[in-house]
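User: I want each label on this model justified by its cut-off. Take my questions one at a time, please.

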Amino acid sequence: MNYRTLLQIGIAGTACAVVLLAAEPWKTKEYTEWNDEEISKVLSDSPWAKAKTVTPQGSGMQRRGGGMGGGRRGGGFGYPGGGGGGGYPSGGGGYPSGGGYPSDGSGQGGGMSSMNVTIRWESGLPIQHALLRQGAGAADEAKAAADASAKDYVIAVLGFRMPSQRSRSSNSDSDSDQDQSAQSKDRLRSQLIDAAELTPKGKNSIYAEDVQFEGNGSSEIRFLFPRSTAIVTGDKEVDFVLQVRGIKVEHKFHLNDMQYQGKLAL
């Protein structure tokens with residue numbers, strides 16, 4: 001191979017590297033300069049976020065800490081983890097739409113087709129900055145994530161739908177319906193909080209201490225993992241796994257790529 005050929009290969013390689021670098025706005029620009037395409041990339045196709053297709057495998061559910069009625073209970077629906085009644089980021093606490101949520105704990109799930117989800121490390125500063133750039137509604141979301149980030153790692157699963165469960169009762173009394181709804185929320189929260197874990201490579205799993213969910217045209221579920229177990233760049237990889245009612249959502253985050261403004265952004 002002659003010098004000219006080597007030179008051409010070198011130039012082509014450099015050009016490819018420049019193109020690749022240019023496609024990563026979190027490395028090349030201040031977030032205030034990100035355009036719409038770059039914001040979308042940060043939120044859905046970056047070291048902090050990935051879109052995936054999930055196919056339900058069955059109606060069973062794996063969870064830690066006991067049976068269907070048990071599980072740890074850690075705070076209310078308020079963000080980041082208190083006894084408030086509001087969902088994330090404020091009020092409501094509704095269910096993700098499209099899949100139907102249980103009105104009992106029978107464990108009898110409905111059939112589901114594949115779903116498109118996005119798994120996002122929402123407490124990461126680039127995600128917060130991208131949300132701030134999206135507008136007022138997303139800015140509220142970014143503020144809530146920022147408020148929690150000092151205490152928790154926040155992992156969001158967007159587009160997630162739970163299979164429905166059949167109700168044991170057809171009681172139409174409004175007070176009874178409200179009671180059942182409150183019980184269903186509590187039961188669902190218990191199932192979700194016990195179904196997710198964050199595992200740094202070679203270390204014990206970190207379990208969620210709180211979960212928030214809401215739905216308004218699209219579903220959003222957020223898991224809060226305590227920072228009391230530190231994650232550092234030397235851990236190299238962190239696996240997020242959510243496994244509930246035969247649905248398994250997982251993603252491997254690569255920590256060397258999650259550098260932002262000169263430091264690990266989690």
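User: Why is Lys263 called exposed?
Analyst: Its relative accessible area is 55%. Exposed means over 50%, buried means under 20%, and partly exposed is in between (1.4 Å probe, protein chains only). Lys263 is over the 50% mark, so it counts as exposed. The residue belongs to strand β12, residues 263–264. Strands (E, at least two residues) and helices (H or I, at least four) are DSSP runs, numbered from the N terminus. In space, the C-alpha of Lys263 is 9.2 Å from that of Thr233, with their positions 30 residues apart in sequence.

User: What should I keep in mind about the source?
Analyst: The model is predicted: local features need pLDDT of at least 70, side-chain atom pairs count only at pLDDT 80 or more, and totals for chains, interfaces and linings use all residues. Residues are numbered from 1 along each chain as its sequence is written, and side-chain values use heavy atoms, with hydrogens and water left out.

User: What makes Ala230 partly exposed?
Analyst: Its relative accessibility is 45%. That value falls between the two limits, so Ala230 is partly exposed. Ala230 sits in the loop between β8 and β9.

User: Which residues does Ala230 contact, leaving aside neighbours within four places in sequence?
Analyst: Tyr153, Lys203 and Asp235. Contact means heavy atoms within 4.5 Å. Tyr153 is 77 residues from Ala230 in sequence, and their C-alpha atoms are 9.8 Å apart.

User: How do you know that Pro200 is buried?
Analyst: Its relative accessible area is 0%. The limit for buried is under 20%, so Pro200 qualifies. Pro200 is part of strand β5, residues 196–200. Beyond four places in sequence, Pro200 touches Ile206, Ile231, Asp235, Glu237 and Val238. The C-alpha atoms of Pro200 and Thr229 are 9.8 Å apart, across 29 residues of chain.

User: Why do Thr118 and Pro47 also count as buried?
Analyst: Thr118 has a relative accessible area of 16%. Pro47 has a relative accessibility of 17%. Both values are under 20%, so both residues are buried.

User: Where do Thr118 and Pro47 lie?
Analyst: Thr118 is in strand β3, residues 115–121. Pro47 is in the loop between β1 (45–46) and β2 (49–54). With neighbours up to four places away set aside, Thr118 contacts Leu43, Ser44, Lys50, Ala51, Ala156, Val157 and Leu158. On that basis Pro47 contacts Trp26, Phe253, Asp257 and Met258. Trp26 is 21 residues from Pro47 along the chain, at a C-alpha distance of 10.0 Å.

User: What is notable about the backbone at Arg245?
Analyst: Arg245 has a positive phi of about 50° although it is not a glycine. It lies in the loop between β9 and β10 (247–254). At 5% relative accessibility, Arg245 counts as buried. Lys236 is also not a glycine and has a positive phi, about 70°. Lys236 is in the loop between β8 (219–226) and β9 (237–244).

User: Why are α3 and α4 called oblique?
Analyst: The axes of α3 (residues 36–44) and α4 (residues 125–134) cross at roughly 140° and come within 9 Å. Roughly parallel needs an angle under 35 degrees, roughly antiparallel over 145, roughly perpendicular 65 to 115; the rest is oblique. The crossing fits none of the three named ranges, so α3 and α4 are oblique to each other.

User: Which residues make the contact of α3 with α4?
Analyst: From α3, they are Ile39, Val42 and Leu43; from α4, Pro126, Ile127, Ala130, Leu131, Arg133 and Gln134. Seven are nonpolar, one is polar and one is charged.

User: Which residues of α4 are buried?
Analyst: Pro126, Ile127, Gln128, His129, Ala130 and Leu131. Just after α4, Gly135 has a positive phi of about 140°.

User: What are the totals for the chain?
Analyst: The chain has six helices and 12 strands. Of its 266 residues, 42% are buried. Among contacts between residues at least 6 apart in sequence, 72% join residues at least 24 apart.

Key:
Axes are lines fitted to C-alpha atoms, for helices over the stretch in contact, and angles run from 0 to 180 degrees between N-to-C directions. Ala, Val, Leu, Ile, Met, Phe, Trp, Tyr, Cys and Pro count as nonpolar, Asp, Glu, Lys and Arg as charged, and the others, Gly among them, as polar.
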